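Trainee: I'd like a close look at one sheet in this structure, taken slowly. Please start with a single pair of residues and work outwards from there.

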Amino acid sequence: MFPDNLTFSIAGWVNDGVDALVSNYGDVFRHISETLLWAIINLEHLLRITPWWLMLAIVGAITWHATRKILGTLLIVGLLFLVGAVGLWDKLMQTLALMMVATVISVLLGIPLGILAARSNRLRSVLIPLLDIMQTMPSFVYLIPVLMLFGLGKVPAIFATVIYAVPPLIRLTDLGLRQVDREVMEAINAFGANPWQQLFGVQLPLAMPSIMAGINQTTMMALSMVVIASMIGARGLGEDVLVGIQTLNVGKGLEAGLAIVILAVVIDRITQAYGRPRHGGQQ
Amino acid sequence: MSEVAINKIEVRNVFKVFGNREKEVLALIRDGKSKDEVLARTGCVIGINDLSLSIRAGEVFVIMGLSGSGKSTLVRHLNRLIDPTSGQILVDGENILEYDMPALRHFRRHKISMVFQNFGLLPHRNVLENVAYGLKVRGETQARCDERARHWVSVVGLQGYEQAFIHQLSGGMRQRVGLARALATDTDIILMDEAFSALDPLIRAEMQDQLLALQRTLQKTIVFITHDLDEALRIGNRIAILKDGQLVQVGTAQDILLTPADDYVDRFVQRRRVSA
């Protein structure tokens, strides 16, 4: 047994802290929550009123633009058609909306943080362990305070997803920027490029394959959160998996699970294709 | 060229210490300790050791030395890619070490350009955009960038490759792009850091000829770094020989060949005498 007089607990302080946050800043959080909710609901609405054939055509067009492969494009459109054919189209759109908002927020947070981390070793040494915690901490632990701050539903689901999905993007942005050839940086410096010209003209374009790999990872991790998100009231494909588990309806759970996999495949193919360097500097 | 100063570039008592115990190292150097002793005592590497030299306007000034002699470090002081630990560097009579960041950028954009050993070209831009890079950075119009870049691409003999990407070019062609990029900005001074060292001998000779031909009409001040005596003798108006960050000898090719200052220079020259 561990001696009692050496034990302590931080649970009390944390509980008090969260309580104080909820009672003092509740309004602020509600405001953030409402803005986010407005964005998700509108996006979801847009996706759901778009006719299914138009949606398939749009996804097909994007896939073709990214991959330039007819067969791959047809396969992807076919898979999405299958999801609609098993009656999960509406839920697919709900999940897609949730995921897109989470990805956009992750990109808005992750890329700037990655850029800053690449510039400062000090920030990086603080950030990396934080990212490790974000990726390994069981999501239910931070779901509880997020629920207290934002209530049930889509908004906490988005937050939980972003916390889980943003680390790979930060890491890969940082890595991509650090791997830009030292002599290229020296050369553009010697020609008097200012920090903006260096970042947007050279560093970001050259780090693009790495950053796109980060966005790809972020979308994949966001998708793996949809089932957990459904537990706190976010609707979509995860909901069907959850209901499948709760009612021992294995078939229904499998259908929804496969639909999540298909969505993952579609997004993975598209983001990976965009991540490949067009001019092939490294070939 | 507006102002023809006799000494375009002047380097005065420059020290460069890599490491964070600069003051200690400078004290040790004053006590006459050698590079190796300083490294053993402080863990700091002496890059440049009390170096002074002057470079005249319009000459090709070659800095020669073995690897580790500090020649690449020295040339990076001239556009402040590296800042010295102490000393003065004057270009057209102005101490460039006093420049703040905007002034330094202006200096790099208008007065000095550079060619790199491994080219330092942008892999995501085509030849034309690479050549125009210096102009673009200093905010010239697209039309002018385009016109100047096309001109210099054809001068270095790359017409027809304007839209090619860097990975499609051979080493020699890449360095022509590097040279065109430096020439396009029309700066008085061009730094060339082992610019031809990565090329095979035939291409290298060709590039040397091209540089000499261009220099006859352009009359730039060129600071050329090399470890190759033949190259130095071929293109240099004057040659400086560096060893352990110190200047051993400065002079014309004749001076170096006939009256080598010490054993180190002599060893450089001897092989040449034997073969000649």
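**The four-stranded sheet of chain B**

Mentor: Let's begin with B:V11, whose bridge partner in strand 4 of chain B is B:I89. Keep in mind that this is a predicted model. That pair belongs to a longer match: strand 1 and strand 4 of chain B are joined by five bridges and pair in the antiparallel sense. As background, strands of a sheet pair through backbone hydrogen bonds, and they can do so in a parallel or an antiparallel way.

Now follow strand 4 of chain B, residues 86-91, to its other partner. Two bridges link strand 4 to strand 5 of chain B, and these two also run antiparallel. Look for B:V91, which has B:E94 in strand 5 as its bridge partner. Strand 4 and strand 5 of chain B make a hairpin, with two residues between them. One residue to spot in that turn is B:D92, with a positive phi of about 50 degrees.

Put those pieces together and you have most of the layout. The sheet is open, with four strands of chain B in the order 2-1-4-5, and its pairing is antiparallel. Which strands stand at the edges? They are strand 2 (45-56) and strand 5 (94-95) of chain B; each has a single partner strand, so one side of each has no neighbour in the sheet.

Next, see what packs on the sheet. Helix 1 of chain B, residues 22-30, touches strand 1 (7-18), strand 2 and strand 4 of chain B. The direction of helix 1 makes about 105 degrees with that of strand 1 of chain B. Helix 3 of chain B, residues 71-78, also packs on the sheet and touches strand 1, strand 2 and strand 4 of chain B. For helix 3, the angle is about 55 degrees, taken against the direction of strand 2 of chain B.

Let's step back and see what else chain B holds. There is another open sheet, this one with six strands in the order 6-7-8-3-9-10 and mixed pairing. Strand 6 and strand 10 (246-251) of chain B are its edge strands, each pairing on one side only. From one strand to the next, the twist averages 20 degrees. For a parallel pair, find strand 3 (residues 60-64) and strand 8 (residues 221-226) of chain B, which are joined by five bridges. There, B:V62 stands opposite B:F224 in strand 8. Helix 8 of chain B, residues 171-184, lies across strand 6 and strand 7 (189-193) of chain B, and runs at about 180 degrees to strand 6.

In total, the secondary structure of chain B comes to twelve helices and ten strands. The radius of gyration of chain B is 19 Å, close to the 19 Å that the globule rule gives for 276 residues, so chain B is as compact as a globular protein of that length. Its C-alpha atoms fill a box of roughly 60 × 50 × 35 Å along the principal axes.

Chain B has company, too. Chain A has twelve helices and zero strands, so to speak of sheets is to stay with chain B here. Where the chains meet, 19 residues come from chain B and 18 residues from chain A. On the chain B side, the elements that give two or more residues are helix 4 (101-110), strand 6 (112-115) and helix 6 (133-137) of chain B. Those chain B residues divide into eight nonpolar, seven polar and four charged.

How far can you trust the picture? The mean pLDDT of chain B is 89, with 97% of its residues at 70 or more. Residues 1-5 of chain B fall below 50, and that stretch has six contacts in the model beyond near neighbours in sequence. Where pLDDT is low, the predicted coordinates should not be read in detail. For the model as a whole, the scores are ipTM 0.87 and pTM 0.83.

Methods
Residues are numbered from 1 along each chain as its sequence is written. Chains are lettered from A and ligands numbered from 1 in the order in which they are written. This is a predicted model: local features need pLDDT of at least 70, side-chain atom pairs count only at pLDDT 80 or more; totals for chains, interfaces and linings use all residues. Two residues are in contact if their C-beta atoms, placed from the backbone, lie within 7 Å. Ala, Val, Leu, Ile, Met, Phe, Trp, Tyr, Cys and Pro count as nonpolar, Asp, Glu, Lys and Arg as charged, and the others, Gly among them, as polar. Two strands pair if DSSP finds at least two bridges between them. Axes are lines fitted to C-alpha atoms, for helices over the stretch in contact, and angles run from 0 to 180 degrees between N-to-C directions. The radius of gyration is taken over C-alpha atoms; the globule rule is 2.2 Å times the number of residues to the power 0.38. pLDDT is the predictor's confidence in each residue, from 0 to 100.
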